Amino acid sequence: MYLYAVQFYNLKGDIFMNKELRCPVIAGNWKMNKDPSETKDFIKRIIDVVNNNEGKVIVCVPFIDLPEALISAKNSKLLIGAQNCHFKKNGAFTGEVSPSMLKSMGVEYVIIGHSERRNYFNEDDKIVNKKVKAALESGLSVILCVGESLEQRELNVTSEVISSQIKRGLYEVDKSDMKRVIIAYEPIWAIGTGRTASPDAANEVCSLIRKIIGDLYDIQTSEHLIVQYGGSMNSKNAKDLLSMNNIDGGLIGSSSLDADEFLDIIAAVKS
Ligand code: PEP
């Protein structure tokens, strides 16, 4: 018997697909915040809720917090991620950390292509692509960030920007590896600004991302792809954003630093 996956589109071209196929993923991005002792306290605060939570929860911590995070999260459902990696396995790259080094510690996820890395560290799509491939090759899972600037949104080129970031970022990434790729839609104008995309606007781009993946790979790959929204998500707006058809989770910056706030966002997934 053959089973056909069916994509349904509404008038705006948004894809309606079976959200139940996808496990919600809430990920915190601590950026350059918290030391190991704060990491220990934070994880102690959230661990029971995470263990009883149906979806996945990841915290992406600074490199120096990884050992403490991994020890504190041992034998729990909490997943630990890094916020960056180099694309080489080893060598003369002072100050850098390779994907295989992260993997050898027990790290499972790495954020790649965050707009702060693109803007402050000149990471273009070519470097992003090298990092994505190196991370996947080392066995890590990747949270690939894409998003348009305010200027690009106002020029009405959001679709083109997102499409190009995804195609370049995933260049030569094999379909079989897409199971370990999450795409986070993070409009730059919403990151750290308190200015969140409306649920409809965020869903429209997340839906576009799913369509791009469907065109690049196939329907099954796009149906199973986790697409997160990130950009000033907090306990007040999380429920509305996370209830949208094509938003499967959140990548959360400042609101992931406070354990109570983060727990409220985790709770918003099922409410
Ligand atoms: C982020 O850094 O990925 C992010 C979404 O930040 P914030 O939630 O603070 O906007």
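A polar contact is a pair of N or O atoms within 3.5 Å; within protein, one of the two must be able to donate a hydrogen and the other to accept it, and residues adjacent in sequence count only if both atoms are side-chain atoms. The model is predicted, with local features needing pLDDT of at least 70 and side-chain atom pairs counting only at pLDDT 80 or more, while totals for chains, interfaces and linings use all residues. Residues are numbered from 1 along each chain as its sequence is written, and side-chain values use heavy atoms, with hydrogens and water left out.

**Exercise 1. Describe the surroundings of the ligand and its polar contacts.**

Step 1. Taking a residue as near if one of its heavy atoms lies within 4 Å of the molecule, one finds 14 residues around the ligand, of which K31, E186, G192, S232 and G253 come nearest.

Step 2. Sorted by class (Ala, Val, Leu, Ile, Met, Phe, Trp, Tyr, Cys and Pro nonpolar; Asp, Glu, Lys and Arg charged; the others, Gly among them, polar), the shell has four nonpolar, eight polar and two charged residues.

Step 3. A side-chain N or O atom of K31 is 2.6 Å from an oxygen atom of the ligand, that of N29 is 3.3 Å from a ligand oxygen, and S232 contributes a backbone N or O atom at 2.7 Å from an oxygen of the ligand.

Step 4. The ligand taken alone exposes 290 Å², and the protein buries 99% of that, with accessible areas from the Shrake-Rupley method and a 1.4 Å probe.

**Exercise 2. Characterise the largest pocket.**

Step 1. On a 1 Å grid over the protein atoms alone, a pocket is an open set of points where a 1.4 Å probe fits, with protein on both sides within 12 Å along at least five of seven lines, and lining residues have an atom within 4 Å of a point.

Step 2. The volume of the largest pocket is about 430 Å³, and among its 16 lining residues K31, M32, Q83, R117 and F121 lie nearest the centre.

Step 3. Helix 4 (residues 115–120) supplies the largest share of this lining, three residues, where a helix is a DSSP run (H or I) of at least four residues.

Step 4. By class, the lining has seven nonpolar, five polar and four charged residues.

**Exercise 3. Examine the aromatic pairs.**

Step 1. The structure holds three aromatic pairs, counted when ring centres of Phe, Tyr or Trp (its six-membered ring) lie within 6.5 Å, with planes under 30 degrees apart stacked, over 60 edge-to-face and the rest tilted.

Step 2. F42 and F262 form a tilted pair, at 6.0 Å centre to centre and 45° between the planes.

Step 3. This pair links distant parts of the chain, since F42 belongs to helix 1 (residues 36–51) and F262 to helix 11 (residues 259–268), 220 residues apart.

Note on methods:
Grid points are joined across faces, edges and corners, and a volume is the space filled by probe spheres set on the points. Helices (H or I, at least four residues) and strands (E, at least two) are DSSP runs, numbered from the N terminus.
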